[in-house]
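Visitor: I have a model open and would like to go through it with you. Could we begin with the overall layout?

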Amino acid sequence: MKNVYVIGALVMMALTGCTPDEAPSAPPPATPVSSDATAATRADIGTLLNAARAQNGLPPLTANAQLAAAARAHAQDMARSGFFSHTGSDGSKPSKRVGAQGYNFCYVAENIAQGWSSPDQVMQGWMDSPGHRTNNLSREAREYGAARADGDYWVLVFGRSGCGAGRIAVTQRKPD
């Protein structure tokens with residue numbers, strides 16, 4: 001019975017996301033970076049994301065190239081520099097990275113993860129985490145962009161364009 005409590009406590013710790021104001025765990029060593037996340041990985045994340053939204057009575061999100069470019073740049077930055085944070089190595093936040101791609105947003109949110117080896121695993125991890133689940137099931141989001149860099153750095157950016165500056169939500173996830 002004691003093992004059940006220990007496992008439960010470990011699961012709860014693993015599911016607790018942190019915000020950019022909290023210190024993330026020690027960064028992993030720097031890893032090489034591939035030139036781009038594969039199209040299959042991006043499509044898999046989109047399919048899994050929209051399946052979760054459908055199961056919760058929400059409309060699907062549309063893939064957006066500008067959001068995907070922002071996600072890819074941040075995933076590659078984390079992999080290249082060996083860190084895990086919503087703050088980029090240049091001090092950028094998700095809103096700045098999305099804006100740099102020319103995306104005029106009124107809503108932007110970002111999920112990050114590191115260490116998951118498949119789209120199914122990372123999406124399940126995000127759905128099991130309250131903060132990530134909130135982003136995945138946001139009624140404000142209309143579009144998404146996803147990327148994965150070497151070292152299993154994942155970034156999923158959500159957005160709604162066309163209404164000026166607005167709200168920003170960020171959530172990160174690492175498996176134990």
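Visitor: In what order do the elements of the protein run from the N terminus on?

Guide: This is a predicted model. From the N terminus on, its elements follow the order α-α-β-α-α-β-α-α-β-β-β.

Visitor: And how many helices and strands are there in the protein?

Guide: The protein has six helices and five strands.

Visitor: What percentage of the residues count as buried?

Guide: Of the 176 residues, 45% count as buried. The accessible surface comes to about 8400 Å², and carbon and sulfur atoms account for 56% of that surface.

Visitor: Let us turn to the interior. How many residues does the largest nonpolar core have?

Guide: That core has 20 residues, and Leu156 and Phe158 have the most contacts inside it. At least two residues each are supplied by α2, β2 (105–114), α5 (119–128), β3 (143–149) and β4 (153–161).

Visitor: Which of these elements gives the largest share of this core?

Guide: Helix α5 does, with four residues. Apart from this core lies another of 18 residues, including Ala79, Phe83, Val108 and Ala149.

Visitor: Back to Leu156: what is it in contact with, leaving aside neighbours within four places in sequence?

Guide: Among the contacts of Leu156 are Ile45, Leu49, Met123, Trp126 and Tyr144. Asn136 is also in contact with Leu156.

Visitor: A change of topic. Where is Arg53, and is it buried or exposed?

Guide: Arg53 is in helix α2, which covers residues 39–55. Arg53 is buried, yet it has no salt bridge.

Visitor: How far away is the nearest side chain of opposite charge?

Guide: The nearest such side chain, that of Glu140, is 11 Å away from Arg53.

Visitor: Then which backbone oxygen does the side chain of Arg53 reach?

Guide: It reaches the backbone oxygen of Ser138, at 3.0 Å. Leaving aside neighbours within four places in sequence, Arg53 is in contact with Leu58, Pro59, Pro60, Leu61, Asn136, Leu137, Ser138 and Ala141.

Visitor: One more residue, Met127. Why does it count as buried?

Guide: Met127 counts as buried because its relative accessible area is 12%, and the cut-off for buried is under 20%. Met127 is found in helix α5.

Visitor: Which residues is Met127 in contact with, leaving aside neighbours within four places in sequence?

Guide: Met127 is in contact with Ala52, Arg133, Asn136 and Leu137. Ala52 and Met127 are 75 residues apart along the chain, and their C-alpha atoms are separated by 8.2 Å.

Notes: Residues numbered from 1 in each chain as written. Predicted model: local features only at pLDDT ≥ 70, side-chain atom pairs only at ≥ 80, totals over all residues. Heavy atoms only, no water. Buried < 20%, exposed > 50% of the residue type's maximum accessible area, 1.4 Å probe, protein only. Lys, Arg positive; Asp, Glu negative; His and termini not counted. Salt bridge = Lys/Arg side-chain N within 4 Å of Asp/Glu carboxyl O. Polar contact = N/O pair within 3.5 Å; in protein donor to acceptor, adjacent residues only side chain to side chain. Contact = heavy atoms within 4.5 Å. Core = buried A, V, L, I, M, F, W, Y, C linked by side-chain atoms within 4.5 Å. Areas by Shrake-Rupley, 256 points an atom, 1.4 Å probe, with all protein chains shown as cover.
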